[in-house]
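Work through these exercises with the structure open beside you. Try each task before reading its solution.

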Amino acid sequence: MTSQGVLDYRLVPNIINSTNVYCTLDSILSTIECMTNNSTPILYANELFYQRCAGTEFVNWLYDANANPELRDIKKELSIQISKAECIDESDYTAYLKTIDALDGSSGLTMSICCEAKNVLYVSTPDQYWEARQWFLAGYISHNDFVSESSRCFPNLYFHNNVISSFNTLNGPYLTERPIIVNHLKALNSFQPQCRELCRIGIGYRELSAKFEEEYSIECSPQASRDSTQNLIFKFYNEKDETYESLCCELHTKLKWHGMDKVNQDRVYFHPGKDEIEAGKILIVHIGTHQ
């Protein structure tokens, strides 16, 4: 997945006119940091500095250390991040914005960094950045690249190597299942913090499944046949014990759509996770045919 974030000119009034400028800047900086940490370069056109708001040019507002002294440090951090970004021509900036407004991901994932909310490609928080990546995954990633790209789109999920081979066992058409799989993974990614808390109080798999199903309207359950759970035992590195631990990953969601083959129903198998394994992420072990 090729991706880039473009500093939108509308970011200037978004910041200066904000009712809480510090929080707005902090959110933008967190978004930029999340992008750069995940191989998404930041782009800007030089004209950004000369956008006017509240009677002043952005360049003067940004570099005036005497104005808003309480913002001095965070404005300096923003200026540093802009200096690290790649400068592009005005024509390229305009072309990128047209692509964003058209929701066109055919040439890669391009996002506008500003506090607008026109579509999923306008981002001003790390969560919105992840949502944009997930949107692109659901609409543009090929079968061969899906698993590797998925591991870069869900910060609360860990993908076991077995997912690569299991993905080749999908019974349904890939283009039909792709957005459904992404929807299930998005739900599991969102469920992870609540899942960790429920596991800490000792909730069982059936109740855990019911909680997930109630929250996200996605069918979820443990494996019905106890004999078949032997095929769902996988090893993970336990950082606390410094050894590999075998976990039964029998929980699964069921991929459904109108006209599907109910006999050969595909599933997403997972383990709710443990604090000492992969930072407590939900562990995805199989995406494919019923085990």
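**Exercise 1. The parallel sheet**

Task: Find which residue of strand 7 stands opposite Ile 113, then place the two strands in their sheet.

Solution.
- Step 1. This is a predicted model. In it, Ile 113 faces Val 123 of strand 7.
- Step 2. Look at the strands themselves. Strand 6 covers residues 109-113, and two bridges pair it with strand 7 in the parallel sense.
- Step 3. Widen the view. The sheet is open, has five strands in the order 5-2-1-6-7, and its pairing is parallel.
- Step 4. Find the edges. Strand 5 (86-88) and strand 7 (122-123) each have a single partner strand, so one side of each is left without a neighbour in the sheet.

**Exercise 2. Strand 1**

Task: Describe how strand 1 is paired with strand 6 and with strand 2, and decide whether its residues are buried or exposed.

Solution.
- Step 1. Start with strand 6. It runs parallel to strand 1, and five bridges join the two. Gln 4 has Thr 110 of strand 6 as its bridge partner.
- Step 2. Turn to strand 2. Here two bridges make the link, again between strands that run parallel. Val 6 stands opposite Leu 43.
- Step 3. Sort the side chains. In a regular strand they alternate between the two faces of the sheet. In strand 1, Ser 3, Gly 5 and Leu 7 point one way, while Gln 4 and Val 6 point the other way.
- Step 4. Check burial, using the cut-off of under 20% relative accessible area. Five of the five residues of strand 1 (3-7) are buried, so the strand is largely enclosed by the rest of the structure.

**Exercise 3. The mixed sheet**

Task: Give the strand order of the sheet with mixed pairing, and name its edge strands.

Solution.
- Step 1. The order is 8-14-13-12-9, in an open sheet of five strands.
- Step 2. The edges are strand 8 (157-159) and strand 9 (220-221), each of which pairs on one side only.
- Step 3. Follow strand 9 to its partner. It runs antiparallel to strand 12 (residues 251-254), and two bridges join them.
- Step 4. Pick out one pair. Ser 221 has His 252 in strand 12 as its bridge partner.

**Exercise 4. Helix 2 and positive phi angles**

Task: Compare the span of helix 2 with the expected value, then examine Ser 39 and Glu 242.

Solution.
- Step 1. Helix 2 has 17 residues. Its first and last C-alpha atoms are 24 Å apart, close to the 24 Å expected.
- Step 2. List its buried residues. They include Val 21, Leu 25, Ile 28, Ile 32 and Met 35.
- Step 3. Move just past the helix. Ser 39 takes a positive phi of about 60° there. It sits in the loop between helix 2 (21-37) and strand 2 (42-45).
- Step 4. Recall the usual sign. Most residues other than glycine have a negative phi. Ser 39 has a positive value and is not glycine.
- Step 5. Add Glu 242. Its phi is positive, about 55°, although it is not a glycine. It lies in the loop between strand 10 (233-238) and strand 11 (243-248).
- Step 6. Check exposure; the cut-off is over 50%. Ser 39 has 63% relative accessibility, so it counts as exposed. Glu 242, at 60%, is exposed.

**Exercise 5. Helix 9 and Arg 178**

Task: Where is helix 9 kinked, and what lies around Arg 178?

Solution.
- Step 1. Take the span. Helix 9 (residues 174-200) has 27 residues and reaches 36 Å, close to the 39 Å expected.
- Step 2. Locate the kink. It is about 50°, at Gln 192, shortly before Pro 193.
- Step 3. Look just after the helix. Gly 202 takes a positive phi of about 80°.
- Step 4. Go back into helix 9, where Arg 178 is found. Arg 178 is buried yet has no salt bridge.
- Step 5. Test the charge distance. A salt bridge needs the charged atoms within 4 Å. The nearest side chain of opposite charge to Arg 178 is Asp 145, 9.6 Å away.
- Step 6. Name the neighbours. Beyond four places in sequence, Arg 178 is in contact with residues including Leu 137, Tyr 140, Ile 141 and Phe 146.

How values were computed
Residues numbered from 1 in each chain as written. Predicted model: local features only at pLDDT ≥ 70, side-chain atom pairs only at ≥ 80, totals over all residues. Heavy atoms only, no water. Helix = DSSP H or I, 4+ residues; strand = E, 2+ residues; numbered from the N terminus. Expected span 1.5 Å × (residues − 1). Bend = angle between axes of the 7 residues up to and from the residue. Buried < 20%, exposed > 50% of the residue type's maximum accessible area, 1.4 Å probe, protein only. Lys, Arg positive; Asp, Glu negative; His and termini not counted. Contact = heavy atoms within 4.5 Å. Pairing = 2+ DSSP bridges.
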